[in-house]
Amino acid sequence: MFEFQIQARDGRARVAQFHTPRGAVTTPMFMPVGTQGTVKGISPQELLDIGSQMILGNTYHLMLRPGEALVQAHGGLPGFTAYPGPFLTDSGGFQVMSLGHMRKITEEGVTFKSHIDGSAVQLTPERSVAVQEALGADIIMAFDECPPYPAERDYIQRSLERTERWLARCLKAKTRPEQALFAIVQGGVHQDLREQSLELTLPYDTPGFALGGLAVGEPKEEMYPAVAFTADRLPAHKPRYLMGVGHPEDLVAGIALGVDMFDCVYPTRTGRFGYALTDDGRLNLNASAPRQQLMPLDSECDCYACRQYTRAYLAHLVRAEEMLGPRMLSLHNLRYLHRLVERARVAIEAGEFHSWATGWAERYFKGQIPAWFQKTLSLNAHEA
């Protein structure tokens, strides 16, 4: 049911088909984030039109509002949201970090103070799995703790050991065979702790594995050695998911290291702030220059916003605080990331990933490619 078929390789980068109950997806892929059961401002039809393959839903937020029972009454997230494709739900583990001022961690689980009404909410491995089963996602995540950056080594070690014990409880609680549960490897930026987490996690042989605890504030010079070390030791015949990562340069770098799946709120959040993603970097629609530019956001993009509107018009919408502006920028930004991974797949299939990624980076970084990015690409080229 969850077969993962690699179709092309170029160094560590690879193209694959991942089969789910609601259809096959092609990786590498970017997953738009629908925290509250919606990708902010974007309709399900628009998501399909721009090439979205899988949407992410949030366990913590949906269990609080509207409650997983109401979602289940609609037949799960596809019926509730009217998006017919595959879904992935996170476990609520990220909120263990992001709501650090509102929670208490014990071996049993995590007690939160609801951000909605202040009431006490307990989330355990068993509760997380039960909620995700009710939400009906194709892929569900093991309940884990995502330590912040920076954190003491001893804390990270205790945390990853507890995460492994929670993984065992998640698998014991799981009842729906049509859902794939992914384990999460932790360890921060410490190679030896990543190794320990791998040794604890890999024996569970879950259908896929996630790289957790990264992109939480650490410098990229520390993040990417951890990604490279971890991804290289995950099973080659299973999907690898780098959680919470969605900046363009991070997608290209992650793909170079063999990552298959990404998600992030970045494209829609930055769109709401008036920015458009392009191969030349971020375009600021709040600035004065775009107000007079009678050209699309990106002449190479095929999204509705780029086909229909000028920069001047979209800049006007942003200044006037008209909701169509952030909607169109969010739509474009999502399509940009989908196009980016599509172009990466074509380059991998042609055996030209390294040259394509280098050319992309020369333009994106305006000739000043950071050392961390060059080192990441060198790891890919070394194995080509």
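By class, the residues lining the second largest pocket split evenly in a neat way: five are nonpolar, five are charged and none are polar. Keep in mind that this is a predicted model. The names behind that split are Glu-46, Asp-49, Ile-50, Asp-302, Cys-303, Tyr-304, Arg-307, Met-328, Leu-331 and Arg-335.

Which helices help build this lining? At least two residues each come from α1 (44-49), α12 (304-308) and α14 (324-349). Of these, α14 chips in the most, with three residues.

Now for the largest pocket. Its lining takes in 49 residues, and the ones nearest the centre are Phe-94, Gly-244, Asp-263, Cys-264 and Val-265. Sorted by class, that lining has 20 nonpolar, 20 polar and nine charged residues.

Here are the two pockets side by side:

| Pocket | Volume | Top contributor to the lining |
|---|---|---|
| Largest pocket | about 990 Å³ | α5, five residues |
| Second largest pocket | about 160 Å³ | α14, three residues |

Where does the lining of the largest pocket come from? Both strands and helices take part: β4 (29-34) and β14 (261-264) each give at least two residues, and so do α2 (59-64), α5 (93-98), α9 (220-233) and α11 (266-272). The biggest share belongs to α5, with five residues. Phe-94, one of the residues nearest the centre of this pocket, falls within the 93-98 stretch of α5. Likewise, Asp-263 and Cys-264 are also among those nearest the centre, and they sit inside the 261-264 stretch of β14.

Definitions and conventions:
Residues numbered from 1 in each chain as written. Predicted model: local features only at pLDDT ≥ 70, side-chain atom pairs only at ≥ 80, totals over all residues. Heavy atoms only, no water. 1 Å grid on protein atoms, 1.4 Å probe; cavity = no way out; pocket = protein on both sides within 12 Å on 5 of 7 lines; lining within 4 Å. Points joined across faces, edges and corners; volume = space filled by probe spheres on them. Helix = DSSP H or I, 4+ residues; strand = E, 2+ residues; numbered from the N terminus. Nonpolar A, V, L, I, M, F, W, Y, C, P; charged D, E, K, R; others polar.
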